[in-house]
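Colleague: I have this model open on my screen and I'd like a close look at one part of it. Could you pick a helix and walk me through what surrounds it?

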Amino acid sequence: MKTLLISATLLALAGASAVSAQPAERLSDAQFVKAARCKGLAKADGVDTKAVDAVLKANKRGRADWIIDKAMNAQDDAQVEARKADDTRKAELIAERNGACQAYGVVG
């Protein structure tokens, strides 16, 4: 009986690790562009971008060149917008970074 319990526990643990090792669902083109924008917002404020960098890298392969260009433009535009924003707009951008951008790994 003890052997059966140990075997069942090991199988459950192996199943749990297999599930967690599977990659997250691929981002849509719109989500990819949004993640790049979030990276720009984070970079403008000096926030760590390692997690969103990993998301973008994992989702870049097989992406159409024009989508990658659009994403890079969104990133650059977000950085410029954040740096030039007045106090009201800056607060809105920080709220975006700390809210919607968390889905892509940005932690403000």
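Modeller: Here is a walk along helix α2 and out to the parts that meet it.

Keep in mind that this is a predicted model. For orientation, the chain has five helices and zero strands, so the pattern along the sequence reads simply α-α-α-α-α. Buried residues account for 30% of the 108 residues. Of the contacts between residues at least 6 apart in sequence, 79% join residues at least 24 apart.

Now to α2 itself. The helix covers residues 29-44, 16 residues in total. From its first C-alpha to its last it reaches 23 Å, close to the 22 Å you'd expect at 1.5 Å a residue. Its buried residues are Phe32, Val33, Ala35, Ala36, Arg37, Cys38, Lys39, Gly40, Leu41, Ala42 and Ala44. These buried residues pack against α3 (50-60), α4 and α5. Past the end of the helix comes glycine 46, with a positive phi near 70°.

Let's start at the front end, with aspartate 29. Its side chain meets that of arginine 63 in a salt bridge, 2.6 Å from N to O. The two are 34 residues apart: aspartate 29 belongs to α2, while arginine 63 sits in the loop between α3 and α4. Arginine 63 counts as buried because its relative accessibility is 8%, under the 20% cut-off. Aspartate 29, at 35%, is partly exposed.

A little further on is Phe32, one of the buried residues of α2. Who reaches it from elsewhere? Asparagine 59 does: setting aside neighbours within four places in sequence, asparagine 59 is in contact with Arg26, Leu27 and Phe32. Asparagine 59 belongs to helix α3 and, at 7% relative accessibility, counts as buried. You can also look across from Phe32 to lysine 70, which lies in helix α4 (residues 65-84). The C-alpha atoms of lysine 70 and phenylalanine 32 are 9.5 Å apart, with their positions 38 residues apart along the chain. Lysine 70 is partly exposed, at 46% relative accessibility.

Next along α2 is arginine 37. This residue forms a salt bridge with glutamate 96, and the closest N and O atoms are 2.9 Å apart. Here the link runs from helix α2 to helix α5, between residues 59 apart in the chain. Both ends count as buried: arginine 37 has a relative accessibility of 19%, and glutamate 96 has 17%. Since buried means under 20%, arginine 37 makes the cut at 19%. As background, side chains of opposite charge can pair when their charged atoms come close.

Just past the back end of the helix there's another pair to check. Arginine 97 forms a salt bridge with aspartate 45, their closest N and O atoms being 2.5 Å apart. Arginine 97 is in helix α5, and aspartate 45 is in the loop between α2 and α3, 52 residues away along the chain. Arginine 97 is buried, with a relative accessible area of 6%, whereas aspartate 45 is partly exposed at 32%. Going back to arginine 37 and glutamate 96, they also belong to a wider group: salt bridges that share partners join Lys34, Arg37, Glu81, Arg89, Glu92 and Glu96 into one network. The structure as a whole holds nine salt bridges.

That leaves the empty space around this end of the helix. The structure has one cavity of 30 Å³ or more, and the largest cavity has a volume of about 40 Å³. Which residues line the largest cavity? They are Leu41, Asp45, Ala82, Lys90, Leu93, Ile94 and Arg97. You've met three of these names already: Leu41 is one of the buried residues of α2, and Asp45 and Arg97 are the partners in the 2.5 Å salt bridge. Helix α5 (residues 87-98) supplies the largest share of the lining, four residues. By class, the lining has four nonpolar, no polar and three charged residues.

To retrace the route on your screen, begin at the salt bridge between aspartate 29 and arginine 63, go on to the contact between asparagine 59 and Phe32, then to the salt bridge between arginine 37 and glutamate 96. Finish at the cavity lining, with Leu41, Asp45 and Arg97 among its residues.

Definitions and conventions:
Residues numbered from 1 in each chain as written. Predicted model: local features only at pLDDT ≥ 70, side-chain atom pairs only at ≥ 80, totals over all residues. Heavy atoms only, no water. Buried < 20%, exposed > 50% of the residue type's maximum accessible area, 1.4 Å probe, protein only. 1 Å grid on protein atoms, 1.4 Å probe; cavity = no way out; pocket = protein on both sides within 12 Å on 5 of 7 lines; lining within 4 Å. Points joined across faces, edges and corners; volume = space filled by probe spheres on them. Nonpolar A, V, L, I, M, F, W, Y, C, P; charged D, E, K, R; others polar. Expected span 1.5 Å × (residues − 1). Contact = heavy atoms within 4.5 Å. Salt bridge = Lys/Arg side-chain N within 4 Å of Asp/Glu carboxyl O.
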